[in-house]
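Student: Hey, got a minute to walk me through this one? I'd like to start with the holes inside.

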Amino acid sequence: SFEWKIFEAQYLLGIANQKLKLESDTASAIAMLEAADAALLESGSSRVFTLRQSIATDLTQLRAVRPFDREGSYFRIASLVQEVENLDLVGSLQEGFQNRQSGINSSSEMPGTEVGIIQSGLDFLSTVFVWRRWDETPSALLAPEQGVFIKQNLRLMLEQSQLALLTKDQILFTQSLVKSRDWLNRYALIESESGQLIVNSLDDLSSLDIDPPLPTIDDTIDLVRQLAASERQ
């Protein structure tokens, strides 16, 4: 008689349950479920049909799960940390903006037609690398020495999101990325190539569910416990 195989199946299903609930390891859970099903088949017992049917349902659900690429997401954020160094900050345009603004003021004081004055203004606007809604000299422009501080803070926010990713802290993960996005909007030239790269990546990462719910095998665990208990009697 091979009824002892039922207890082997109970043990394997217990491991599968731990893999799912403690490690979110669907691949190992599937392997344990398959091994448990094989053990039940080898038991030769006529009472394992319902349990095997439950295992089959669990396997179908687990195989349909799309695994979350935690490692890949971590590396994506790491690449953004490196990209921060290439960011242009608003302070980098301060001197150019003020110089061009002075040029316009000077040219507007010179004799000329109204069309000439308008054209000089358009010529200035065409030389501005980034267009923003600036009615006067931007108050947000930074002193050059502040650039290091700005970029370091942004790196720290991104590294905080990496830690949240590893600990599966969805709230901290999202908050860190949103704060990084706000920091960029305030201090960086997000219209630049590096700015757009980081902004688009942050928007994409912020939408991730870093701890997606997995199917449970609770019903199967209950069934195998009941079957094992009846075998002991």
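Student: Which residues line the second largest cavity?

Tutor: Keep in mind that this is a predicted model. The lining of that cavity is made of Val 84, Leu 87, Leu 89, Ile 150, Lys 151, Leu 154, Trp 183, Leu 184, Tyr 187 and Ala 188. Helix H7 (147-167) and helix H8 (170-187) are the elements that give two or more residues to this lining.

Student: What's the mix by class in that lining?

Tutor: Nine residues are nonpolar, none are polar and one is charged.

Student: And what volume does the second largest cavity have?

Tutor: About 40 Å³.

Student: How many cavities does a search of the whole structure find?

Tutor: Two, counting those of 30 Å³ or more.

Student: OK, zooming out. How many helices and strands are there in the chain?

Tutor: Ten helices and zero strands. Going along the sequence, the pattern reads α-α-α-α-α-α-α-α-α-α.

Student: What share of the chain is buried?

Tutor: Buried residues come to 35% of the 233 residues. As for contacts with a separation of 6 or more, 79% of them are between residues 24 or more positions apart.

Student: Let's do H1. Which residues are buried there?

Tutor: Lys 5, Ile 6, Ala 9, Leu 12, Leu 13, Ala 16, Asn 17 and Leu 20. They all fit within an arc of only 145 degrees around the axis, which puts them on the same side of H1.

Student: Why would residues that are spread along a helix point the same way?

Tutor: An α-helix has 3.6 residues a turn, so residues three or four places apart point the same way.

Student: Nice. And which residues are exposed on the other side of H1?

Tutor: Tyr 11, Gln 18 and Leu 22.

Student: What do the buried residues of H1 pack against?

Tutor: Three helices: H2 (26-43), H3 (49-63) and H10 (218-232).

Student: Asn 17 caught my eye. Is that one buried or exposed?

Tutor: Asn 17 has 15% relative accessibility, and the cut-off for buried is under 20%, so Asn 17 counts as buried. Leaving out residues up to four places away in sequence, Asn 17 touches Ile 217, Asp 218 and Ile 221.

Student: How far apart are the end C-alpha atoms of H1?

Tutor: They are 28 Å apart. That agrees with the span you'd expect, because 20 residues at 1.5 Å a residue should span 28 Å.

Student: What follows H1?

Tutor: Ser 24, and its phi is positive, near 55 degrees. Ser 24 sits in the loop between H1 and H2, and at 31% relative accessibility it counts as partly exposed.

Student: What sign does phi have in most residues other than glycine?

Tutor: Negative, for most of them. Lys 168 also has a positive phi, about 60 degrees, although it is not a glycine. Lys 168 lies in the loop between H7 and H8, and with 27% relative accessibility it counts as partly exposed.

Student: Last one, H9. Which residues are buried there?

Tutor: Ser 194, Gly 195, Ile 198, Val 199, Ser 201, Leu 202 and Leu 205. Their arc around the axis is only 170 degrees, which puts them on the same side of H9.

Student: What covers them?

Tutor: The cover for the buried residues of H9 includes helix H4 (70-83), H7 and H8.

Student: And what span should H9 have?

Tutor: With 14 residues at 1.5 Å a residue, H9 should span 20 Å, and its end C-alpha atoms are 20 Å apart, which agrees.

Technical notes:
Residues numbered from 1 in each chain as written. Predicted model: local features only at pLDDT ≥ 70, side-chain atom pairs only at ≥ 80, totals over all residues. Heavy atoms only, no water. 1 Å grid on protein atoms, 1.4 Å probe; cavity = no way out; pocket = protein on both sides within 12 Å on 5 of 7 lines; lining within 4 Å. Points joined across faces, edges and corners; volume = space filled by probe spheres on them. Helix = DSSP H or I, 4+ residues; strand = E, 2+ residues; numbered from the N terminus. Nonpolar A, V, L, I, M, F, W, Y, C, P; charged D, E, K, R; others polar. Expected span 1.5 Å × (residues − 1). Buried < 20%, exposed > 50% of the residue type's maximum accessible area, 1.4 Å probe, protein only. Arc of directions from axis to C-beta. Contact = heavy atoms within 4.5 Å.
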